[in-house]
Amino acid sequence: MANIHIGDDALLNILARLPGKPLLRFRCVSKHWNSLISDPYFMKSRSHRMILLSHTRPLVVIDDNVPAEDEGHSMVRIPSPLLHEKGTHVMIVGTLNGIVVLALHDTSLRCHLILYNPLTCASKILVAMDPPRSYPYVLGMDPSSSGYPYVFGFDTDDLKIVRIKFVPGASHRNSSKIFRIKPDKLYEYDAFDLKTSSWSKPQELLQDFYLAGDAGIFLRGWLYWSALFDDGGILALDVKEMFFSKVILPVSHQEYVGLVLGSLDGCLSISYTESDSLNTFHVWMLDEEHSWLKAHSFTFGPEDIPNEFYPFYILGDGSGKIVVRNDSYQLVIYDTSKDSHKTLKGLATVDDSMSIDWINGFNNLVFHMDYPLVYSCPIDYVESLLSPSHMC
């Protein structure tokens, strides 16, 4: 039988279309194939974008590049990072060059910041943090962090992880006077530098808002968090100056339900449903002049899928695709440019929720928390073979 030779151009064109896991296996075919697949330029040109879900064990990635009917590849379970065992919980902080930053809370209430490559499953622990001494009260008093003491954001320019901590029942010192935090609330914030593996000096922030618990979105030197102000709004941080401000929303907080933050064409964007019409969606983007522009409006509620839908995630690739969900844990990718949708059918292979039992070391109280999959805070990223150890 004659040998069949496939040129590198044709071979790379074929390999670029493969899902991540088969691609990794094909590195074992030969040294030449391994060299082609491991080439950073090949992985960059492939631009295979995935969506990572947290609140599941093991973690789950959504591949929008394959048909939804291909349940084996449209939603894929991946091995969890170090320490992700029963009773622990993972939050997504941010991503850069295919590496995802995770915050893992273990059963002793410690928080571990981890660099994780979902494609290769390699991981690296950056730092472990003990819970604040006031933490037993946070779970009962502060809705700002969904039961967790910290809210994070990842500055991908300077490789810094910003940490915000709510200080319950604290007093604030101003000049020589001490007064109670009422009606405002006291937060402390600092930043972990991945290049020096050190924390900055903590600073105080006195404002009347609650953070929703999601990680911040980093765009053009700013971090943005969904926050609950009395009149609605978004918390913004100029990371270079470490200066906080408030972004006013284009609509009243009484007019929307299920607000989520995202990015469109490199700009901050929001998506929500109307409070009096839950299947009517609106998408706005904040332009470079800091003015809100309406990007999309559409009505979504297919007859074959019951219940009202809510925005879940805005894909950051500029495709105009939005992940929506209903109360039955059903995820759908809606394409605003084509007025079409794709129902993800792989949820049957994933647990609907993850229960967490935490034992509080201060008074031996047990906190039980349920995290349905739909409450996950997803993030999209481009697959790479970069090792977490080479990131910093």
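## Close-up views of a predicted model

**View 1. V61 meets V76 across two paired strands.** V61 has V76 as its bridge partner in strand 3. The model shown here and in every other view is predicted. Strand 2 and strand 3 run antiparallel to each other and are joined over four bridges. Strand 2 covers residues 59–63. Strand 3 covers residues 75–78.

**View 2. Strands 3, 2, 1 and 30 make an open sheet.** The order across this four-stranded sheet is 3-2-1-30, and its pairing is antiparallel. Strand 3 and strand 30 (379–382) are the edge strands. Each has a single partner strand, so one side of each lacks a neighbour in the sheet. From one strand to the next, the twist averages 35°.

**View 3. R77 sits in an edge strand.** R77 belongs to strand 3, which stands at an edge of its sheet. How much of R77 is accessible, in relative terms? The relative accessible area of R77 is 44%, so this residue is partly exposed. The limits for that class are 20% and 50%. V60 lies 17 residues away from R77 along the chain. In space, the C-alpha atoms of R77 and V60 are 4.6 Å apart.

**View 4. D70 lies in the loop between strand 2 and helix 5.** The loop that holds D70 follows strand 2 (59–63) and leads to helix 5 (71–74). D70 has a relative accessibility of 30%, so it counts as partly exposed. Which distance separates D70 from L344 in space? From C-alpha to C-alpha, D70 and L344 are 9.6 Å apart. In sequence, 274 residues separate D70 and L344.

**View 5. Strands 4 to 7 make another open sheet.** Four strands line up in the order 4-5-6-7, with antiparallel pairing. Which strands stand at the edges? Strand 4 (89–96) and strand 7 (123–129) do. Each of them pairs with a single strand, so one side of each has no neighbour in the sheet. The twist here averages 20° from one strand to the next.

**View 6. A103 and L113 mark the pairing of strands 5 and 6.** Strand 5 spans residues 99–105, and strand 6 spans residues 111–116. They pair in the antiparallel sense, over six bridges. A103 has L113 as its bridge partner in strand 6.

**View 7. Helix 1 crosses helix 3.** Helix 1 takes in residues 8–15 and helix 3 residues 31–38. The two helices pack at an angle of about 65°. Their axes are 11 Å apart. The crossing of helix 1 and helix 3 is right-handed. Helix 1 brings D8, L11, L12 and L15 to the contact. Helix 3 brings H32, W33, L36 and I37. Which classes of residue make up this contact? Six of the residues are nonpolar, one is polar and one is charged.

**View 8. The whole chain gives the setting for the close-ups.** The protein chain has six helices and 30 strands. Of its 392 residues, 51% are buried. The accessible surface of the chain comes to about 18,600 Å². Carbon and sulfur atoms hold 50% of that surface. Among contacts with a separation of 6 or more, 47% join residues 24 or more positions apart.

Definitions and conventions
Residues are numbered from 1 along each chain as its sequence is written. This is a predicted model: local features need pLDDT of at least 70, side-chain atom pairs count only at pLDDT 80 or more; totals for chains, interfaces and linings use all residues. Side-chain values use heavy atoms; hydrogens and water are left out. Buried means under 20% relative accessible area, exposed over 50%, partly exposed in between (1.4 Å probe, protein chains only). Contact means heavy atoms within 4.5 Å. Accessible areas come from the Shrake-Rupley method with a 1.4 Å probe; for residues, only the protein chains shown count as cover. Two strands pair if DSSP finds at least two bridges between them. Axes are lines fitted to C-alpha atoms, for helices over the stretch in contact, and angles run from 0 to 180 degrees between N-to-C directions. A crossing is left-handed if the near helix is turned anticlockwise from the far one by less than a right angle, and right-handed if clockwise. Ala, Val, Leu, Ile, Met, Phe, Trp, Tyr, Cys and Pro count as nonpolar, Asp, Glu, Lys and Arg as charged, and the others, Gly among them, as polar.
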